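The following exercises are to be worked with the sequence and the coordinates at hand. Each task is followed by a solution in steps.

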Amino acid sequence: MTLYSFFKEFHSGFRYIVIVLVLLALVRAFMGWLGKRPYGEGNRKLNLFAMISVHTQFLLGIILFFISPMVQFSKDTMKNPITRYFTVEHWVIMLIAIALITIGHSKSKKAALPEAKHKAIAIFYLIGIILISVGIMLIPQ
């Protein structure tokens with residue numbers, strides 16, 4: 001197994017952990033927001049672990065970016081959908097998603113009312129998971 005194949009498989013498999021954690025945080029946030037429930041320590045930890053998993057996935061992606069044969073910087077990069085996707089599109093979409101999730105977590109920490117905490121997580125994590133899903137679905141086959 002090469003270094004590239006190890007990180008590719010690790011990055012590919014770890015995405016399921018990211019998706020599960022973000023979806024769990026989303027469900028709890030919507031239940032809390034719409035059900036006017038208190039924001040407890042369990043909510044805070046789940047939201048934090050979801051954000052940490054997204055950041056960990058991004059670090060794995062950075063490693064892949066530098067060792068992947070799919071990332072190329074040549075005059076033909078933008079003409080080839082595979083190299084264009086991995087060199088430009090994938091990381092840009094994911095970086096935006098990660099930034100939104102991080103902003104949502106930060107806004108949640110700063111909010112005073114439980115409803116505002118749940119709302120920040122619900123909105124920003126939802127947009128983030130949509131972008132993550134789009135980024136995954138756009139992977140060229």
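The exercises below concern a predicted model and proceed from the overall fold to helix packing, the core and individual residues.

**Exercise 1. Overall architecture**

Determine how many helices and strands the protein chain contains, and describe its extent and burial.

*Solution.*
Step 1. Assigning secondary structure gives 4 helices and 0 strands. Read from the N terminus, the order of elements is α-α-α-α.
Step 2. The C-alpha trace of the protein chain extends over about 55 × 30 × 25 Å along its principal axes.
Step 3. The protein chain has 141 residues, and 35% of them count as buried.
Step 4. Consider the contacts in the protein chain with a separation of 6 or more: 73% of these come from residues 24 or more positions apart.

**Exercise 2. The packing of α2 and α3**

Establish the angle between α2 and α3, the distance between their axes and the composition of their contact.

*Solution.*
Step 1. The angle between α2 and α3 is about 160°, and their axes lie 10 Å apart.
Step 2. Angles over 145 degrees count as roughly antiparallel; α2 is therefore roughly antiparallel to α3.
Step 3. The handedness of the crossing of α2 and α3 is left-handed.
Step 4. On the α2 side, the contact consists of N47, L48, M51, V54, H55, F58 and F65; on the α3 side, it consists of F86, T87, W91, L95, I98, I101, T102 and H105.
Step 5. Sorted by class, the residues of this contact comprise 10 nonpolar, 5 polar and no charged.

**Exercise 3. The packing of α1 and α4**

Carry out the corresponding analysis for α1 and α4, and find the number of charged residues in their contact.

*Solution.*
Step 1. The helices α1 and α4 pack at about 145°, with a separation of 8 Å between their axes.
Step 2. Their crossing is left-handed.
Step 3. Helix α1 contributes R15, I19, V22, L23, A25, L26, R28, A29, F30, G32 and W33, which meet E115, H118, K119, I121, A122, I123, Y125, L126, I129 and I136 of α4.
Step 4. The classes in the contact of α1 with α4 are 15 nonpolar, 2 polar and 4 charged residues.

**Exercise 4. The largest nonpolar core**

Identify the residues that touch the most other members of the largest nonpolar core, and state which elements supply this core.

*Solution.*
Step 1. The core has 24 residues, of which V22, A50, V54, I101 and Y125 touch the most other members.
Step 2. Two or more residues come from each of α1 (3-34), α2 (41-67), α3 (81-110) and α4 (114-137).
Step 3. The greatest contribution, 9 residues, is that of α1.
Step 4. For V22, neighbours within four places in sequence are set aside; V22 is then in contact with A50, V54, I101, Y125 and I129.

**Exercise 5. Two basic side chains**

Locate R44 and K36, and classify R44 and K36 as buried, partly exposed or exposed.

*Solution.*
Step 1. R44 belongs to helix α2, whereas K36 lies in the loop between α1 and α2.
Step 2. The relative accessibility of R44 is 35%, so R44 counts as partly exposed.
Step 3. For K36 the value is 61%; because exposed means over 50%, K36 counts as exposed.
Step 4. The backbone of K36 has a phi near 50°, which is positive although the residue is not glycine.
Step 5. R44 and K109 are 65 residues apart along the chain, and their C-alpha atoms are 8.4 Å from each other.

Technical notes: Residues are numbered from 1 along each chain as its sequence is written. This is a predicted model: local features need pLDDT of at least 70, side-chain atom pairs count only at pLDDT 80 or more; totals for chains, interfaces and linings use all residues. Side-chain values use heavy atoms; hydrogens and water are left out. A nonpolar core is a set of buried Ala, Val, Leu, Ile, Met, Phe, Trp, Tyr and Cys residues joined through side-chain atoms within 4.5 Å. Buried means under 20% relative accessible area, exposed over 50%, partly exposed in between (1.4 Å probe, protein chains only). Contact means heavy atoms within 4.5 Å. Axes are lines fitted to C-alpha atoms, for helices over the stretch in contact, and angles run from 0 to 180 degrees between N-to-C directions. Angles under 35 degrees count as roughly parallel, over 145 as roughly antiparallel, 65 to 115 as roughly perpendicular and the rest as oblique. A crossing is left-handed if the near helix is turned anticlockwise from the far one by less than a right angle, and right-handed if clockwise. Ala, Val, Leu, Ile, Met, Phe, Trp, Tyr, Cys and Pro count as nonpolar, Asp, Glu, Lys and Arg as charged, and the others, Gly among them, as polar.
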